[in-house]
Amino acid sequence: MHTCLTLFDYQELLHNSSFCLVPRGRRLGSFRFLEALQAACIPVILSNGWELPFSEVIDWRKAAIIGDERLLLQVPSIIRSVGRDRILGLRQQTQFLWDAYFSSVAKIVLTTLEIIQDRVDSHISRNRLLWNSLPGGLYILPQYSTDPAQYPFYYAMLGKSPSQQFTAVIHTVTPLQSQISPVVKLIIAVAKSKFCAQIVVLWNCDKPLPPRNKWPSTSVPLSVIEGQTKTMSSRFFPHDIIVTDAVLSLDEDSVLSTNEVDFAFIVWQSFPERIVGYPARSHYWDSSRSHWGYTSKWTNDYSMVLTGAAFYHRYYHYLFTHYIASSLLTMVDRMANCEDILMNFLVSAVTKQPPIKVTQKKQYKETMMTQGSKASRWADPDHFAQRQTCMNAFSHWLGFMPLVHSQMRLDPVLFRDQVSILRKKYRDIERL
């Protein structure tokens, strides 16, 4: 036995194996079960009568082979009969279950408490699909809905698609000066989109709400509502007036054409679980200071899409408000900054994927910087330093850095191609 241990590294063997035998230990269970899950090795359970962890909600047939310890000689033939596609599916499920429910004591405890909560509130409990599919039951708040079709993660599984329209939510913090104000131009451009169901102006300005006749007339419903607390985090409050799956989040001084709005929405419909938009930013590890850094340099690499001009699913409003620690929301409100970074952290933590940037819009930052608004956060010299602080506070709360780098940008077909502009569907984008 000693010779075997010196010849082979146990952890390496686990990670290089497709199947791991999990016989009973001193009792029915065995620590080898969690070792196998962590290593993405398919557990072969040989312990008759063992009730597997959280089996009330977890379908272990999707992640393990349940054998019969009385028929050990049949195990090799059972394993050989498992096809490659099923092996891949089983191994992927082991990784999902480990990460979602078993990778820390905190997750094990939280999973236990949530299962108990589902028992108590059985009328709003999560079904097995929600527990056994990405992103997992801990990121699904059943108070929002018990219908999987109301979440952005299950459309493909259910054979459904998100709704074909969006609600634009424009965050406004400066007084309405005139009919040529940037927010008025923005409302007019967004209202022309054939996919726009309604526009909601979130009035977070200290000045009184302007009368209705001061706002432009539009072909879609325009609602102006005052923020409950007029804080930065309140821009992501799940207002009942938002009934479409898609939300177009906009800063009041964003500059977007109708073509840009339409194209970004079409892209979002293919990626409804992600943030899809224009202004991109990135993060990096600063080894000299041993902390995370934030950069707005224009490169081909990004890990965040700012919510000043971005689409996402309305469920993220609910998750942002009810899942994120109140201490982080208080920090965002105190700084009047970083709410967009926090939303990116949340969505990437849930999906394990990067956001999606659509056609380059380099003038976005320059436009923001030259708006001349005294209240503009971009004119604040402490703005950038605060965002560095936020990056590290958010990653500390999560216990890891969720942001994922990407170099993918989605452009319209024939974008920048040397063909007639008449052949291009989103021709106005190239004229910007």
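Strands (E, at least two residues) are DSSP runs, numbered from the N terminus, and two of them pair if DSSP finds at least two bridges between them.

This is a predicted model, where local features need pLDDT of at least 70, side-chain atom pairs count only at pLDDT 80 or more, and totals for chains, interfaces and linings use all residues. Residues are numbered from 1 along each chain as its sequence is written, and side-chain values use heavy atoms, with hydrogens and water left out.

**Exercise 1.** Find the strands that pair with β9 and describe the turn that follows from one pairing.

*Solution.*
- Step 1: locate strand β9 at residues 280-286.
- Step 2: look at strand β10 (residues 291-295), which runs antiparallel to β9 and is joined to it by 5 bridges. Here W285 stands opposite W292.
- Step 3: look between β9 and β10, where 4 residues complete a hairpin. In this turn, S290 has a positive phi of about 55°.
- Step 4: turn to strand β11 (residues 304-305), also antiparallel to β9, with 2 bridges. R281 of β9 faces M304 there.

**Exercise 2.** Decide whether β9 is largely enclosed or not.

*Solution.*
- Step 1: take buried as under 20% relative accessible area, exposed as over 50%, and partly exposed as in between (1.4 Å probe, protein chains only).
- Step 2: count the buried residues of β9, which gives 5 of the 7.
- Step 3: conclude that β9 is largely enclosed by the rest of the structure, because so many of its residues are buried.
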